[in-house]
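The following exercises concern salt bridges and burial. Each task is followed by a solution in steps.

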Amino acid sequence: AGPMPAVAGTPSHERARLVEGERRPITALCSALMPAAGVELEDLDELVHLQQEICADVANRYRGQLVGGLGHQVLIEFGYPVAREDDALRAARAALAIRTAVAERNARVGAAARLEIRVGIHTGIVAYGPNESARRSAGQIVGMTPMIASQLNARAPRGAIVASAATAQLLRSHFVLSSIGSQAIDGMARELELFALDSERATVR
């Protein structure tokens, strides 16, 4: 198949919205906010609200799609419904922005109410299909990419941003990354090598 046409009225590097049956790479970011070690929060609803607020702001700034919550996790997708050439880069910048927002909040409130963030990022292929379960015309993406991002989130050390090898390959020239070894991921035949995302290189922008 030939290249997808650009959507009218959008920059040339943006691709058309997904159509039913189409397969396309997206980058999924899964974030989880939690009390720091030794900190007990009385109002967990406030924690959930704060995470939603931070993620909604970051998703808007970096043109991601805030999909919603996965239990205590929040999922943001880049490349759905509109794909752009820099989807993975924007996901990485969004992850760093989430970590910065939490650090700034911690500086205001002090150690007694300190929070920590974990983020997982994965790039993979998804398909777009009808939302049969809801019996409505709106579609949904189908694939393991969001689930893998969720698992990376669960395996990330507190305070860390962890990217899969597939995502790290797209980020290497723009971000500082370091391998943290390979781990088994549910549904994957082979272990995935994981990378800690530290910062964006100062010379690329």
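**Exercise 1.** Determine whether R158 is buried or exposed, or in between, and identify its salt-bridge partner.

Solution. Step 1: R158 has a relative accessible area of 45% and is therefore partly exposed (buried is under 20%, exposed over 50%, partly exposed in between, with a 1.4 Å probe and protein chains only). The model is predicted: local features need pLDDT of at least 70, side-chain atom pairs count only at pLDDT 80 or more, and totals for chains, interfaces and linings use all residues. Residues are numbered from 1 along each chain as its sequence is written, and side-chain values use heavy atoms, with hydrogens and water left out.

Step 2: A salt bridge requires a side-chain nitrogen of Lys or Arg within 4 Å of a carboxyl oxygen of Asp or Glu. R158 meets this rule with E116, at 2.9 Å between the closest N and O atoms.

Step 3: R158 lies in the loop between α3 (145-155) and β8, and E116 in strand β6 (residues 115-131), so the pair ties together parts 42 residues apart in sequence (helices, H or I, of at least four residues and strands, E, of at least two are DSSP runs, numbered from the N terminus). E116 counts as buried, at 18% relative accessibility.

**Exercise 2.** Establish which residues are linked with R90 in a network of salt bridges.

Solution. Step 1: R90 bridges D86, with the closest N and O atoms 3.0 Å apart.

Step 2: R90 also forms a salt bridge with D87, at 2.3 Å from N to O. Both R90 and D87 belong to helix α2, three residues apart, about one turn of the helix.

Step 3: The network thus links D86, D87 and R90. R90 is buried at 4% relative accessible area, and D87 is buried at 7%.
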